[in-house]
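Subject: Structure for your review

Hello,

Here is the structure I said I would pass on. My notes follow below it; please read them with the coordinates open.

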Amino acid sequence: MSHEGIRIVSEDQARRETASETRLPANSVTPAKVRVMKSEGTGVSIDWKDGHSSHWNFAWLRNACPCATCNEERQKSGREPGVPKPKPGGPLVMYEAPPRPLEVTPVGKYAIRFKWNDGHESGIYAWDYLRRVCLCDACLAARG
């Protein structure tokens, strides 16, 4: 008998993975209106077809990049999407420009892609992903 493919995870991780595998209703993940406030530098707002509204600032979105590299790094360090990497301590702190998109591109009818000012551009932010990481009080409470 083989044990390949068996993975031991914590109860919290199992609950999160099960929740992320649950399919959301089409109206919940279909935007009625998407506003990218690039020139204002304030972030992205989406009004969903089910009447819900979501907003993320650019710093949060950059720290929640769903690409494989960023996702793997977050999992290794135990950070949740949107939580910034810890800054190295020291007497001289290097200035780092706040994250902002240089370009914003739709990806088909299912996602949006940002080219960030730090050169990163491999993350595809699917509507489903964005709805699952909504930061409104009701969604945060539902996720626990």
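Buried residues account for 28% of the 144 residues in the protein chain. Please keep in mind that this is a predicted model. The surface that the protein chain exposes comes to about 10,000 Å², and carbon and sulfur atoms supply 55% of it.

The protein chain has 5 helices and 6 strands, and along the sequence they follow the pattern α-β-β-β-α-α-β-β-β-α-α. Of the contacts between residues at least 6 apart in sequence, 35% join residues at least 24 apart.

I spent most of the time on strand β2, which covers residues 43-48. In β2, 5 of the 6 residues are buried, so the strand is mostly covered. Its pairing is as follows:

- Strand β1 (residues 31-37) pairs with β2 in the antiparallel sense, over 6 bridges.
- Strand β3 (residues 53-56) also runs antiparallel to β2, and 4 bridges join the two.

Ser45 has a partner in each neighbour: Arg35 stands opposite Ser45 on one side, and His55 in β3 is its bridge partner as well.

Both hairpins contain a glycine with positive phi. Between β1 and β2 there are 5 residues, and Gly41 in that hairpin has a phi near 75°. The hairpin of β2 and β3 has 4 residues between the strands, with Gly51 at a positive phi near 95°.

Next, the core. The largest nonpolar core has 19 residues, and Val44, Ile46, Trp56, Leu61, Phe114, Tyr125 and Leu130 are those with the most contacts inside it. At least two residues of this core come from each of β2, α2 (58-63), β5 (111-116) and α4 (127-132). Leaving aside residues up to four places away in sequence, Val44 touches Val34, Arg35, Val36, Met37, Ser54, His55, Trp56, Phe58, Leu61 and Phe114.

One more residue to look at is His52, in the loop between β2 and β3. Is His52 buried or exposed? It counts as buried, because its relative accessibility is 18% and the cut-off for buried is under 20%. With residues up to four places away in sequence again left out, His52 touches Ile46, Asp47, Arg131, Cys134, Cys136 and Cys139. Among these contacts, Ile46 is also one of the core residues named above.

Regards

Methods: Residues are numbered from 1 along each chain as its sequence is written. This is a predicted model: local features need pLDDT of at least 70, side-chain atom pairs count only at pLDDT 80 or more; totals for chains, interfaces and linings use all residues. Side-chain values use heavy atoms; hydrogens and water are left out. Buried means under 20% relative accessible area, exposed over 50%, partly exposed in between (1.4 Å probe, protein chains only). Two strands pair if DSSP finds at least two bridges between them. A nonpolar core is a set of buried Ala, Val, Leu, Ile, Met, Phe, Trp, Tyr and Cys residues joined through side-chain atoms within 4.5 Å. Contact means heavy atoms within 4.5 Å. Accessible areas come from the Shrake-Rupley method with a 1.4 Å probe; for residues, only the protein chains shown count as cover.
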